[in-house]
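Where does empty space remain inside a protein, and which residues surround it? The report below takes up these two topics for the structure shown here.

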Amino acid sequence: MTPEQIKTALGSGLLSFPVTHFDKNGAFAPDSYKSHVEWLAGFKAPVLFAAGGTGEFFSLKPAEIPAIVAAAKEASGDTAIVSGCGYGTEMAIEIAKSAEKAGADGILLLPHYLIDAPQDGLYAHVKAICQSVGIGVMVYNRDNAVLQPDTLMRLCDECPNLIGFKDGTGDIGLVRQITARLGDRLMYLGGMPTAELFAEAYLGAGFTTYSSAVFNFVPALANEFYTALRSGDRATCDRLLKDFFYPFMAIRNRQKGYAVSAIKAGVRLQGFAAGNVRTPLTDLTPEEEAMMEKLIGTHRR
């Protein structure tokens with residue numbers, strides 16, 4: 001896909017980040033992963049993100065990422081695949097190039113490792129990665145990699161293949177300033193944990209879509225909420241928030257890292273051999289998995 005084509009795809013519907021499947025020895029499990037990706041693609045996801053945050057990008061070896069991207073591409077049919085990318089500039093360039101070679105339709109640039117950086121440094125970092133590949137790049141604004149509007153405008157001037165902006169800061173004032181100043185130059189994607197909890201606020205700020213983690217295991221419900229949100233069906237949104245998303249949030253908040261671990265548990269409970277999370281994350285306890293099973297049981301379709 002060209003950068004403009006992946007930009008269009010990103011804005012055409014609900015998006016998601018498949019978990020990365022591991023076998024009993026902790027190695028990537030391509031067959032189970034492909035089965036899961038194929039299932040998700042059948043629920044009208046225009047783009048799926050391989051080796052993203054919910055896919056445990058942070059615990060993968062860079063050399064593992066091309067195989068994960070290639071497996072996702074093989075299984076996804078017409079659904080585009082965007083690869084996670086990150087760490088320091090030199091490592092991120094290597095990951096971006098290897099993902100492009102493996103067939104990725106785009107790159108999601110996650111925050112660099114550990115240290116804070118000034119805006120000039122972030123500008124140089126993002127510019128170098130954009131210029132290392134021909135596919136579209138979207139930046140993930142969060143944690144130690146928060147781009148200010150002036151920096152983002154400079155990058156848009158310098159990097160034609162910078163096509164997307166994903167926000168995980170929750171700073172509506174900042175993101176509204178960005179959408180007002182940059183308009184349709186970028187595609188805007190909500191990226192808060194359990195994005196449905198914030199979707200109405202982000203829609204008001206100019207974000208027409210978001211990535212749904214729960215799409216991993218209840219894709220029909222995720223689509224129902226998204227459709228209701230876009231059509232202004234407040235009653236359906238309120239019902240799903242109360243019946244599913246707030247109870248899920250209560251499980252997710254029981255332990256640090258459960259924003260990923262609870263999703264992976266949900267995938268396992270839907271019958272996919274997704275395996276365990278890698279350290280430093282921990283899996284849900286048996287009691288918590290039973291809570292997830294009860295929650296999913298009332299929403300299986």
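Helices and strands are here DSSP runs, with at least four residues for a helix (H or I) and at least two for a strand (E), and they are numbered from the N terminus. On that basis, in this predicted model, α10 (234-252) and α11 (258-269) each contribute at least two residues to the lining of the largest pocket, and α11 supplies the largest share of that lining, with 3 residues.

The largest pocket holds about 760 Å³ of space. Among the 30 residues that line this pocket, Gly53, Phe58, Leu110, Arg142 and Asp143 are the closest to its centre.

Enclosed space is a separate matter: the model has 2 cavities of 30 Å³ or more, and the largest cavity has a volume of about 80 Å³. Its lining is made up of Leu109, Leu110, Pro111, His112, Leu122, His125, Val126, Val139, Tyr140, Ala145 and Leu147. Both α5 (119-130) and β4 (136-141) provide at least two residues of the lining of the largest cavity, while the largest share, 3 residues, comes from α5.

The table sets out the two linings by residue class.

| Lining | Nonpolar | Polar | Charged |
|---|---|---|---|
| Largest pocket | 17 residues | 9 residues | 4 residues |
| Largest cavity | 9 residues | 2 residues | no residues |

Leu110 thus appears in both descriptions, being named among the residues closest to the centre of the largest pocket and also among those that line the largest cavity.

Key: Residues are numbered from 1 along each chain as its sequence is written. This is a predicted model: local features need pLDDT of at least 70, side-chain atom pairs count only at pLDDT 80 or more; totals for chains, interfaces and linings use all residues. Side-chain values use heavy atoms; hydrogens and water are left out. On a 1 Å grid over the protein atoms alone, a cavity is a set of points where a 1.4 Å probe fits but cannot get out, and a pocket is an open set with protein on both sides within 12 Å along at least five of seven lines; lining residues have an atom within 4 Å of a point. Grid points are joined across faces, edges and corners, and a volume is the space filled by probe spheres set on the points. Ala, Val, Leu, Ile, Met, Phe, Trp, Tyr, Cys and Pro count as nonpolar, Asp, Glu, Lys and Arg as charged, and the others, Gly among them, as polar.
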